[in-house]
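Thank you for making time this morning. I would like to walk you through a structure that is probably new to most of you, and I will go slowly, one region after another.

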Amino acid sequence: MISSSAYGSNTWELLVTVDHQCEEEQKEFTLRVTGDLHVGGVMLKLVEQIKVSQDWSDYALWWEQKKCWLLKTHWTLDKCGVQADAKLLFTTQHKMLRLRLPNMKTVRLKVSFSSVVFKAVSDICKILNIRRSEELSLLKQSEDTLRKKKKKDKNSKEVVTEDILNLCNSPTSSGLSASPGLYSKTMTPTYDPISGTPASSTITWFSDSPLTEQNCSILAFSHPNCSPETLAEMYQPRTLADKAKLNAGWLDSSRSLMEQGILEDDQLLLRFKYYTFFDLNPKYDAVRINQIYEQARWAILLEEIDCTEEEMLIFAALQYHVSKLSSSSETQDFTNESEVDEVEAALSNLEVTLEGGKSSNILEDITDIPKLADYLRLVRPRRLSIKTIKPYWFVFKDTSISYFKNKESGQGEPIEKLNLKGCEVVPDVNVAAKKFGIKLLIPVAAGMNEVYLRCDNENQYARWMAASVLASKGKTMADSSYHPEVHKILSFLKMKNWTMSPQAASDPESIDMKPECFVSLRYTKKYKSKQVYGAHRQQRELNRDLIPLAARILEAHQNVSQMPLVEAKLRFIQAWQSLPEFVGCGFLFRFKGSKKEDVLGVSYNRLIRIDIATGDPITTWRFSTMKQWNVNWEIRQVGIEFDHNVSVAFTCLSADCKIIHEHIGGYIFLSTRSKDHNESLDEELFHKLTGGQE
């Protein structure tokens, strides 16, 4: 017989599994609850039944069927939708996770599995001393990478134990999230209370970070390059489609790790997701600069981005230089950095920004409209690959280029006027061959109109190239970034310009160098085949192509040998970003109504449609002309509207449409950053731009 009170009640039984370390204790508990009982009350009832004395503050309820956390403890079970068939897990919110950093080192630390990935990455970056956490995210390794790794492990006879840096004493190890004020907003270096000497500004501006001097050196300095055998075993994407598939594993920033199927002690990749590196400061960003450098270095070595032989040698020379400096004892001493007064540094930054120290005629610069006028050669591809090259008088004004038959006719009507706003500017340079070309891909209704300009020398090329780059962004030469852009281009050309000497082949330094560690596998094989070919010919004269790879790297190293360590890394990053093939992330996609697959490149300021067969850009759409974008979550289709009634719709084939949505919104969010914001992030705006309305 059931009593009348029990019969009339609306109680029911709820099964909860407890995830705790005590093996001998009971794991499953049945609670009698009502629908109006709040989640906090369920947790209290459960702890009373467990009767194990321990700290339960980090525990929360995980609903397995719905793949969600019940974190709003004031909500009732009815409001959460929890009924008798629900299976709940009472588990810790912070769990161990293995993260592979851009420098291929693995760290093991406690991470919040209940916070959204955006917040979890922010906490991780505070532990690792990396500023601007919004530029990074977590990436799950692709199936192709894991498949090749398993195959290699099966074939290898020796078991390689991975060296893991354990950071268990992180701020989150106690189950509490990292405190918001971990670092000084003014970045003032702290001082040793005992000796009075300034402590390492690159280490201690995060007061709660568990990193020691030794651990920080692992993250802030480049270590000996991997062997050629190890490099050969790593996954290298062969086609543009393979490269696009690498971006399929980005985690959703607006959901937690647990919601995305990540388990305790899984391995994820921590990578820079958005290639807009804001406010890089060598004084405080030793770890951040090194990790960006390492990500760029591996992208070059594994051929995730293509480059010419000349560019590959420059990258190899910079890597060799960084490797030499990193192994020397002088660079390991953080405290040798010259401490610059904060006010002095701020004034210096302001001077650079305004270019106040270099310009004597500021008023004249403002009132005059800058323009370029010079003779250039126009190259137009014709049928059967025959090119016509003719000199014309070119005038660059505002964001347009006009060209005339000669200088005398420059005041009349031009032969053609090219508007460069929204175009793609691609360098076509070979310093050794004295070739200084600019490839302009100008958007037209049918796709992209190709125009090639040839300059006579480095200085002319730097001025016209810088003006073209700014014009593509809708800026004129009156912009303050014009002269720094010219200087950047000239310095990059200077690195490429080196002279060959016969003595380099017999340089003793080249004997100890392992050049295979500094270039991709394709170039190693190419040089080996050249050496064999040269040996068979038994040539006596010195042929440029037959000089050993080590000697050529040392020749290129001459132009960078005087650079400090951090500057060399920054130059490498700058050169990486200057590559014609450089696009933030690429995805396989198909346009609405089309049967053909293409690659969609998402860069910091534009979308680029790329031909999957040739790798050439077909169409470019600037974010500045975007009116709105949305996702049809039912059919997983992204739709974007631009100015002048231009609209596109496409379906992503290599990744979920949410990943593309997040890339577009993320870049737009990052464009709103300013130093005036005192490094605080508007997380709500980020989720508004990237979260979507699923």
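Let me begin with helix H11, which gives the most to the lining of the second largest cavity, with 3 residues. Before I go further, please keep in mind that what you see is a predicted model.

The second largest cavity holds about 40 Å³ of space, and the residues that line it are Ser222, His223, Asn225, Tyr293, Arg297, Gln319, Val322 and Ser323. Helix H10, residues 286-301, and H11 each supply at least two residues of that lining. If you sort the lining by character, you find 2 nonpolar, 5 polar and 1 charged residue.

Staying with H11 for a moment, this helix covers residues 309-327, and 15 of its 19 residues are buried, so it counts as mostly covered by the definition of buried as under 20% relative accessible area. At 1.5 Å a residue, the helix should span 27 Å, and because its end C-alpha atoms are 27 Å apart, the expected span and the model agree.

Between H10 and H11 there is a loop, and Glu303 lies in it. Glu303 has a positive phi of about 60°, although it is not a glycine. Is Glu303 buried or exposed? It is buried, because its relative accessible area is 8%. A second residue with a positive phi is Lys434, at about 55°, and Lys434 is not a glycine either; it lies in the loop between strand E15, residues 424-430, and strand E16, residues 435-444.

Let me now turn to the other cavities. How many cavities of 30 Å³ or more does the structure hold? There are 3 of them, and the largest has a volume of about 70 Å³. The largest cavity is lined by 13 residues, of which Phe118, Glu134, Leu136, Ser137 and Ser253 lie nearest its centre. Helix H4, residues 117-128, and strand E8, residues 136-139, each supply at least two residues of this lining, with H4 giving the most, namely 4 residues. The lining of the largest cavity divides into 6 nonpolar, 4 polar and 3 charged residues.

Next, the cysteines. A disulfide is a covalent bond between the sulfur atoms of two cysteines. In this model the count comes to 0 disulfides. Why does Cys657 form no such bond with the closest cysteine sulfur? That sulfur belongs to Cys652 and is 7.8 Å from the sulfur of Cys657, which is too far for a bond, because a disulfide needs the two sulfur atoms within 2.5 Å. Cys657 counts as buried, at 2% relative accessibility, and Cys517 also counts as buried, at 7%.

One more loop deserves a look, the one between helix H18, residues 549-557, and helix H19, residues 565-577, where Gln558 lies. Gln558 counts as partly exposed because its relative accessibility is 45%. The C-alpha atoms of Gln558 and Asn497 are separated by 9.9 Å, with the two residues 61 residues apart along the chain.

Finally, let me step back to the whole chain. There are 21 helices and 24 strands in the protein chain, and buried residues make up 49% of its 694 residues. Among contacts with a separation of 6 or more, 65% are accounted for by residues 24 or more positions apart. I will stop there, and I am glad to go back to any region.

How values were computed:
Residues are numbered from 1 along each chain as its sequence is written. This is a predicted model: local features need pLDDT of at least 70, side-chain atom pairs count only at pLDDT 80 or more; totals for chains, interfaces and linings use all residues. Side-chain values use heavy atoms; hydrogens and water are left out. Buried means under 20% relative accessible area, exposed over 50%, partly exposed in between (1.4 Å probe, protein chains only). The expected span of a helix is 1.5 Å times one less than its number of residues. On a 1 Å grid over the protein atoms alone, a cavity is a set of points where a 1.4 Å probe fits but cannot get out, and a pocket is an open set with protein on both sides within 12 Å along at least five of seven lines; lining residues have an atom within 4 Å of a point. Grid points are joined across faces, edges and corners, and a volume is the space filled by probe spheres set on the points. Ala, Val, Leu, Ile, Met, Phe, Trp, Tyr, Cys and Pro count as nonpolar, Asp, Glu, Lys and Arg as charged, and the others, Gly among them, as polar. Contact means heavy atoms within 4.5 Å.
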